[in-house]
Amino acid sequence: MNLWENLVGGIAGLLDFMGRRSGQIAELTLEHFWLVLVAMIVAVLIGVTVGVLISYWDPIAYPVINVTQVIMTIPSIAMIAILIPFFGIGFNNGVAALSLYALLPIVRNTYTGIRAIEQAVLESAIGMGMKESGVLFKIKLPLALPVIMAGIRTSVVMGIGIGAIAAYIGAGGLGILIFNGINWVNYPMVWTGAIFISIMAIIADILLGWSEKKMSWRT
Amino acid sequence: MIRLENLTKQFNPAEPPAVDELSLEVKEGETCVLVGPSGCGKTTTMKMINRLIEPTNGKIYINGEDSSKIDLIKLRLGIGYVIQEIGLFPHMTIAENIATVPKELKWPKEKVWQRVDELLETVGLDPEQFKNRKPKDLSGGQRQRIGVARSMAADPPIMLMDEPFGALDPITRAHLQNEFLRIQQRIKKTIIFVTHDIDEAIKMGDKIAVMRKGKLVQYDTPEDMLSAPANEFVVNLVGGNYSIKRLHLIRVDEIIDRSPFTASSEDAVSDAKELLEKSKLGLVIVTDENKKVKGFVIPAYLKKDGETNADIMEEPDQTVGVGSTLNDALSVMLSNGQGYVIVVDEKERLEGVVTLNGIMGVLQDND
């Protein structure tokens, strides 16, 4: 009985909070989105480039992928602290941290996507006289695209979640609601931050899943 | 003209070379078939010509020019390349696949698409029906045709073909071989053709280069190789039964009977009966006004009810094309269970008939 009342009271408090602070929530959501977007653009540029480079030279492929894997195991709070000497505190640090986390799925999927291409396809392209740049941009990347997109999708969804931590060093975003909510023991505030982060992640997942299908040459 | 001079490739210093001091010359417009068991170096030899593999030693001259001095991309764009696995680009349409080399050569768009249509027709596929499809929507035989069309796209003077028909069922293979021979008669490319199938070598080659352990064992015309094999290895490769092998060399055109009895489908059955009495074969071929084969009548069908040929005729199970070999004709006869086969041109128009007796005659001439 007590539990039920608490729940109803909690939801009412949550809705009340959301109503009163809707302006701030919208602003923080946008900030969060912006942080993840910039980080992902950086991660895709670096990740795809690294993935392509290691596909040309197998001996370094697994060491490089392993390094990105180790990066992923660093706790996010520690990562942000480690990056302070290089990027200070604020937005840049947040972007750097999220980009580093996003690297593994993108690098690994770019590499495996390219390596999975049928040998005969590449041999005929090269044998017919396509330049290496042509082979890369007209054959390898288009064929690996669905796999690369799957990696990006994983990274984005993960990045939206980890992005909350970036608020700790002043990078902004929905994490602010969570940290302040904890400090001020304001549970509706914590819940609001968590819920909006989840919604954003779900929407990103659906949209990227859809575009992954759209871009697939298999259909 | 392609000339290989002491061509050697050693992949691993601890092992004997994959290709060992190979020298041979292929004249312009000729098809040279490299044949031998797997690991004999035939594919390696071919890949050295478009420099997918660089030779350890020796030279390749293309029209007298040292190929190692030609710009790699320029060299390859001038050499058509077809492999057994075809390697069509799965994310591109058929038209885009065929257009690959012309696009690399920066042909004007209109010329590219015109060429694509032309090539699709050359390999016997309707452009409107096929050009916008993806490779996965095609059958094995159709894909192989696209592979050939793609390699011919920019009209390269030289073509390299590595077991191009190897993955196909025997009937489709024979069909594509014949079609390719017909196309080659017109385009006269200089072709290096790799196969492990001696029958295919005899059928496709103007010259056959038998290879073993990287070395050239014999380089001869198919006729000379059959009548004078250089050594035991070639004898074993060719296998026994020289006469049967010769069936791969002779085209149906050479023994075709060009004036079989024909009738139109509206003709009365009584006329067909008269013709059948005169016909030694016991066969009347029913054609339309364009000489297109509609069916055939044999004495047994006269028992059926009907007034015109259209009522009693049957459609032939299988016919053969004009470029087919006697071996192709014989296999169709065997599968039809008849002592003759109707020969048609590429538009299904009647060319004549080939009979078992005709084939026997050829075999007896040679014995």
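The questions and answers below concern a predicted model with chains A and B.

User: How many helices and how many strands does chain A have?
Analyst: In this predicted model, the elements of chain A run α-α-α-α-α-α-α-α-α from the N terminus on. The C-alpha trace of the chain spans about 75 × 45 × 30 Å along its principal axes. The count for chain A is 9 helices and 0 strands.

User: What share of the exposed area of chain A do carbon and sulfur atoms supply?
Analyst: Buried residues make up 46% of the 219 residues in chain A, and its charged side chains number 11 positive and 10 negative, with the centres of the two sets 7 Å apart. The chain exposes about 11200 Å², and the share of this area that carbon and sulfur atoms supply is 72%.

User: How many helices and strands make up the secondary structure of chain B?
Analyst: The C-alpha trace of chain B spans about 75 × 55 × 30 Å along its principal axes, and of the 367 residues of this chain 52% count as buried. Among contacts in chain B between residues at least 6 apart in sequence, 61% join residues at least 24 apart. The secondary structure of chain B comes to 16 helices and 16 strands.

User: How far apart are the mean positions of the positive and negative charges of chain B?
Analyst: Chain B exposes about 17000 Å², of which carbon and sulfur atoms supply 47%. The chain carries 46 positive and 57 negative charges, and the distance between the mean positions of these two sets is 6 Å.

User: Which backbone oxygen does the side chain of B:Thr122 reach?
Analyst: B:Thr122 is placed in helix H5 of chain B, which covers residues 109-122, and it counts as buried because its relative accessibility is 17%, under the 20% cut-off. Leaving aside neighbours within four places in sequence, B:Thr122 is in contact with B:Met152, B:Arg182, B:Ile183 and B:Arg186. At 2.8 Å, the side chain of B:Thr122 reaches the backbone oxygen of B:Glu118.

User: Why is the sulfur of B:Cys32 not bonded to the closest cysteine sulfur, and how many disulfides are counted over all chains?
Analyst: B:Cys32 is buried, with a relative accessible area of 0%, and B:Cys40 is likewise buried, at 1%. The cysteine sulfur closest to that of B:Cys32 is in B:Cys40, but it lies 12 Å away and is therefore too far for a bond, given that a disulfide requires sulfur atoms within 2.5 Å. Taken from the side of B:Cys40, the closest cysteine sulfur is in B:Cys32, again at 12 Å and too far for a bond. Over all chains, the number of disulfides comes to 0.

User: Is B:Arg51, which has a positive phi although it is not a glycine, buried or exposed?
Analyst: B:Arg51 has a phi of about 60 degrees and is placed in the loop between helix H1 (42-49) and strand E4 (57-62) of chain B. Its relative accessible area is 13%, and because this is under the 20% cut-off, B:Arg51 is classed as buried.

User: Is B:Lys188 buried or exposed?
Analyst: B:Lys188 also has a positive phi, of about 50 degrees, although it is not a glycine, and its place is in the loop between helix H8 (170-187) and strand E8 (190-195) of chain B. Its relative accessible area is 52%, and because this is over the 50% cut-off, B:Lys188 is classed as exposed.

Note on methods. Residues are numbered from 1 along each chain as its sequence is written. Chains are lettered from A and ligands numbered from 1 in the order in which they are written. This is a predicted model: local features need pLDDT of at least 70, side-chain atom pairs count only at pLDDT 80 or more; totals for chains, interfaces and linings use all residues. Side-chain values use heavy atoms; hydrogens and water are left out. Helices (H or I, at least four residues) and strands (E, at least two) are DSSP runs, numbered from the N terminus. Buried means under 20% relative accessible area, exposed over 50%, partly exposed in between (1.4 Å probe, protein chains only). Accessible areas come from the Shrake-Rupley method with a 1.4 Å probe; for residues, only the protein chains shown count as cover. Lys and Arg count as positive and Asp and Glu as negative; His and the chain ends are not counted. The place of a charge is taken as NZ of Lys, CZ of Arg, CG of Asp or CD of Glu. A polar contact is a pair of N or O atoms within 3.5 Å; within protein, one must be able to donate a hydrogen and the other to accept it, and residues adjacent in sequence count only if both atoms are side-chain atoms. Contact means heavy atoms within 4.5 Å.
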